[in-house]
Amino acid sequence: MQMTNPHLAPDATGQRHPVYEISGLSKTYARNSLVALKGVDLTLHKGEFVSVIGSSGCGKSTLLKIMAGLMPPTTGRVMLEGKPVMGPRSDIGMMFQHATLLPWKTTIDNILLPIEMREGRQAARNATDRATALLELVGLGKFGNVYPAELSGGMAQRAAICRMLIAEPAVLLLDEPFSALDELNRDFMNMELQRICLEREATAFLVTHSIAEAVLLSDRIYVMKPRPGRIDQNIKIDLPRPRNLDMINTEKFGQIVHHIRSALGSEAFN
Amino acid sequence: MAQSQTEQHHGETVWIEREAFIDRIPRWIAMLGLFIIIVGIWHVVTTTGFVSAIILPTPGETWNDILFVGANIMRGEYMFEALVTTSLTVLYGFLIAIGIGFSLGLLVGETKFGEKAVLPYLVAIDTMPKVAFAPLFIAWLGFDIASKVALAAFIATFPIVVATAAGLYAASENERMLFRSIGATRWQTLFRLKLPTGLPYIFTGLKIAAVGVMAGAITGEFLGGGQGFGALIRQAASQLNTPRVFSLILYLSLLGLALYFTVVWAQRRFVFWNKAETPGGIG
């Protein structure tokens, strides 16, 4: 485990192609002049899995919304694949706490929804084979023509993974994607997520408040502090890949978790 | 009411749950039984002279008149004409109410202007007793079917406006965020998310409107005369022909049921994903 100050030193993966670059980002809400984010610098490299962890109100949701193009920053540069993010883009894949599948569409049509919205029904129809392949990837091969009411919570989230991947995005933004699932399902889905990300060399950014989950999945973890929201530490997790659930019980894993917990400080548990 | 009890099975005590006797009666027997009880009481109070025949006819007299009116309708005589008139009034009124109600609902639910400027007026008009507008409609549109259509539509519009607007608010924050994140336009969000999500609400409004449109059409016919069933009922009542009033109301309620269940059928057809629990599967 090594620590670097994100404002000074490039991290070990610095030689890889940067996908997402943020510098000098701040967000002040005009309504109550609340400073949600201040001076945030952050880089995601190709194929890297990065998590951000922090107490509620540390600005991590605001950060994710700005990265997704759902909200404009007050100041700062937000660049994805060398182009500034000026709104929602097809090369950004998002996943939320809830699967939010439309109940009147079959699983496969739900997965094709991003294509249908951006390029129309014909393009969506042409992408059916790709959607079927994604369903196979997450083990839902037989459930393409089923309505979401017949899917369990874990299956619905797997369908949401497919929907996020269908437009082949350059970056995956994950907003506590499995926190609504029970613990057994959550562990399983985290392992699935790792497998999919490794297979596709996906660049992923995960917002979570489970330290163990962040450590298990991430190459790096940004620790955020509130008032104003800022990145306090950039921690590299040098556990070997692929990770497995047994690693949670190793001494090294425990040390990393302990370190992050003390980095979060007492304010995280107010 | 479910009650639990223990029983001996193969020497073991098992705990089984049993519904009370009255809840185990099959539905059609329960309905038929209740019907027989009500008609029985009706028969007793009228044949013993406990209630005057002018106020309440006997079940037998009413049944004979139901057959008479039914035969008249089947032969396409004047009562059939009246039924057609009232049916058309109801149908036109309902279609107009759907058109205006849905448009206003979209305006109120989808635009800030509608919510700020239009909604207060709609609420103000909705609180008025709408039947009181009947003389105005007659003055404006005459004694023909148009004034009755107007009153029926007027009464049925408001539930549709309210239901449509409420339906458009029904999409959750998560769903809206999903649609924004996949780059959906405002129109796409409206037609592919908010309207489908709001359909169960809209159909609830349509069911309320289906009841209101009947009331509006008959009230219009009571107050404005004309050729419909409402006029026949008024005429029969003024002649103290209570069996006729009863049987006309029965046929009228069949018309109301037909309209209501058309809406229910449409709801099942278009909102197939929403299997909300309804008592006994009615509505």
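**Exercise 1. Work out how chain B is split into domains, and how far apart the pieces sit.**

Solution. Start with the assignment: chain B gets domain 1, residues 2–51, and domain 2, residues 71–281. Keep in mind that this is a predicted model. Next, take the centres over C-alpha atoms: domain 1 of chain B and domain 2 of chain B are separated by 37 Å.

**Exercise 2. Place the UniProt annotations on chain B and describe the spans they cover.**

Solution. Go to the record first. Its unreviewed entry lists "transmembrane region" at residues 28–55, 89–109, 121–143, 149–171, 201–225 and 245–266 of chain B. Now check a couple of these against the model. Residues 89–109 of chain B come out as 100% helix and 0% strand, with 29 Å between the end C-alpha atoms. For residues 201–225 of chain B, you get 96% helix, 0% strand and an end-to-end C-alpha distance of 35 Å.

The unreviewed UniProt entry also lists "domain: ABC transmembrane type-1" for residues 83–263 of chain B. That span is 86% helix and 0% strand, and its end C-alpha atoms lie 20 Å apart.

**Exercise 3. Decide how α2(B) and α3(B) are oriented, and find the residues that make their contact.**

Solution. First, the geometry: the axes of α2(B) (residues 59–74) and α3(B) (residues 78–110) come within 6 Å and cross at roughly 80 degrees. Angles of 65 to 115 degrees count as roughly perpendicular, so that is how α2(B) and α3(B) stand to each other. Then the residues: V69(B), N72(B) and I73(B) of α2(B) meet M79(B), F80(B) and L83(B) of α3(B). By class, that contact has five nonpolar residues, one polar and no charged.

**Exercise 4. Do the same for α8(B) and α10(B): orientation, handedness and contact residues.**

Solution. Here the axes of α8(B) and α10(B) (residues 242–270) come within 10 Å, crossing at roughly 165 degrees. Since anything over 145 degrees counts as roughly antiparallel, α8(B) is roughly antiparallel to α10(B). The crossing of the two, α8(B) and α10(B), is right-handed.

Now pick out the side chains on screen. From α8(B) come L199(B), F203(B), L206(B), K207(B), A210(B), M214(B) and I218(B). Facing them from α10(B) are L252(B), G256(B), L259(B), Y260(B), V263(B), Q267(B) and F270(B). Sorted by class, the contact of α8(B) with α10(B) has 11 nonpolar residues, two polar and one charged.

**Exercise 5. Find out what chain B brings to its contact with chain A.**

Solution. Count first: 12 residues come from chain B and 16 from chain A. On the chain B side, α7 (173–181) and α8 (186–224) each supply at least two residues. The biggest giver there is α7(B), with six residues. The chain B side divides into six nonpolar, four polar and two charged residues.

**Exercise 6. Take chain A apart into domains and describe how they touch.**

Solution. Domain 1 of chain A is made of two stretches, 2–91 and 169–269, while domain 2 covers 99–168. Their C-alpha centres lie 26 Å apart. In the contact, 11 residues of domain 1 of chain A meet 10 of domain 2 of chain A. Helix α7 of chain A (residues 183–200) provides the largest share of the domain 1 side, four residues. That side has eight nonpolar, two polar and one charged residues.

To finish, look up the record: the unreviewed UniProt entry lists "domain: ABC transporter" for residues 20–251 of chain A. That span is 32% helix and 27% strand, with end C-alpha atoms 33 Å apart.

Definitions and conventions
Residues are numbered from 1 along each chain as its sequence is written. Chains are lettered from A and ligands numbered from 1 in the order in which they are written. This is a predicted model: local features need pLDDT of at least 70, side-chain atom pairs count only at pLDDT 80 or more; totals for chains, interfaces and linings use all residues. UniProt positions are given in the numbering used here, feature names are shortened, and annotations may be inferred rather than shown by experiment. Domain bounds come from an automatic or database domain assignment. Two residues are in contact if their C-beta atoms, placed from the backbone, lie within 7 Å. Ala, Val, Leu, Ile, Met, Phe, Trp, Tyr, Cys and Pro count as nonpolar, Asp, Glu, Lys and Arg as charged, and the others, Gly among them, as polar. Axes are lines fitted to C-alpha atoms, for helices over the stretch in contact, and angles run from 0 to 180 degrees between N-to-C directions. Angles under 35 degrees count as roughly parallel, over 145 as roughly antiparallel, 65 to 115 as roughly perpendicular and the rest as oblique. A crossing is left-handed if the near helix is turned anticlockwise from the far one by less than a right angle, and right-handed if clockwise.
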